[in-house]
Amino acid sequence: IIPAYNEVVIPDVEFLKAGADPEDARNGSPDNQPGLGDLTVPPRGDGVNTNLAFLISQFPDEWVFFAKRLFHEGLTDREGSQDLYQDFMKGKLPSHGAEEIVVEIRMWAALRMQSVAKTVIGALQYAQA
């Protein structure tokens, strides 16, 4: 499986935090000079929710279980799913596990959007099914 040009395999922090500004909902010009027949860059979000918030809205129970798992593994100081979201958005994750938490959140998001990572993991698990 080969990702298409510029396809997201595992979303980065910037992508997960983007999408809530009204400007994010507009198509853009790749060279910042819009004109007739110009190619467009797809919108970065819906202009209301962050991309992570959208994924959470589609899988709310899984986000709650995810937050509880991180808490019970000792990676976060608080068990609440809203706390995890707010801490991630504000960059206030516990210093003792911040990098690992960010990787976990990125993987959680990747497995809930149709990404190359999800496709590859599914293909690898096909033999087990």
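1. A good place to start is the aromatic cluster: Trp63, Phe66 and Trp108 belong to one such group in this predicted model. Three aromatic pairs are counted in total. One of them joins Trp63 and Phe66, whose ring centres are 5.4 Å apart, with 40° between the planes, and it is classed as tilted. A pair of this kind is described by two values, the distance of the centres and the angle of the planes.

2. Why might Trp63 and Phe66 meet in this way? Both sit in helix H3 (residues 60-72), and because they are three residues apart there, about one helical turn separates them. Residues three or four places apart on an α-helix point the same way, since there are 3.6 residues a turn. Trp63 is buried, at a relative accessible area of 2%, and Phe66 is buried too, at 6%.

3. The third member of the cluster, Trp108, takes us to helix H5. This helix covers residues 98-110, 13 in number, and its first and last C-alpha atoms are 18 Å apart, close to the 18 Å expected at 1.5 Å a residue. Buried positions in H5 are Ile101, Ile105, Trp108, Ala109 and Ala110.

4. Now for the core. The largest nonpolar core holds 19 residues, and the ones with the most contacts inside it are Leu52, Trp63, Phe66, Leu84, Ile101, Ile105 and Trp108. At least two residues of this core come from each of H2 (51-58), H3, H4 (81-90) and H5. In soluble globular proteins, nonpolar side chains tend to be buried together. Across the protein, 28% of the 129 residues count as buried.

5. Ile101 deserves a closer look. Setting aside residues up to four places away in sequence, Ile101 touches Leu70, Leu75, Thr76, Leu84, Leu93 and Pro94. Thr76, in that list, lies in the loop between H3 and H4.

6. Is Thr76 buried or exposed? With a relative accessibility of 10%, Thr76 counts as buried. Beyond its neighbours within four places in sequence, Thr76 is in contact with Ala67, Leu70, Phe71, Leu84, Pro94 and Ile101. Thr76 and Pro94 are 18 residues apart along the chain, while their C-alpha atoms are 6.3 Å apart in space.

7. The side chain of Thr76 also has two backbone partners worth checking on screen. It reaches the backbone nitrogen of Phe71 at 3.3 Å, and the side chain of Thr76 reaches the backbone oxygen of Arg78 at 3.2 Å.

8. Arg78 leads on to Asp87, in helix H4. The side chains of Asp87 and Arg78 are joined by a polar contact of 2.6 Å. Asp87 counts as buried, at 15% relative accessibility. Leaving out neighbours within four places in sequence, the contacts of Asp87 are Arg78, Lys92 and Leu93.

9. One more aromatic detail concerns a charged residue. Lys17 lies over the face of Phe88, at 5.4 Å from the ring centre.

10. Finally, the overall picture. The protein has six helices and zero strands, so to a reader following the chain from the N terminus the elements run α-α-α-α-α-α. Of the contacts between residues at least 6 apart in sequence, 56% join residues at least 24 apart.

Methods: Residues numbered from 1 in each chain as written. Predicted model: local features only at pLDDT ≥ 70, side-chain atom pairs only at ≥ 80, totals over all residues. Heavy atoms only, no water. Phe/Tyr/Trp six-rings, centres within 6.5 Å; stacked < 30°, edge-to-face > 60°. Helix = DSSP H or I, 4+ residues; strand = E, 2+ residues; numbered from the N terminus. Buried < 20%, exposed > 50% of the residue type's maximum accessible area, 1.4 Å probe, protein only. Lys NZ or Arg CZ within 6 Å of the ring centre and 35° of its normal. Expected span 1.5 Å × (residues − 1). Core = buried A, V, L, I, M, F, W, Y, C linked by side-chain atoms within 4.5 Å. Contact = heavy atoms within 4.5 Å. Polar contact = N/O pair within 3.5 Å; in protein donor to acceptor, adjacent residues only side chain to side chain.
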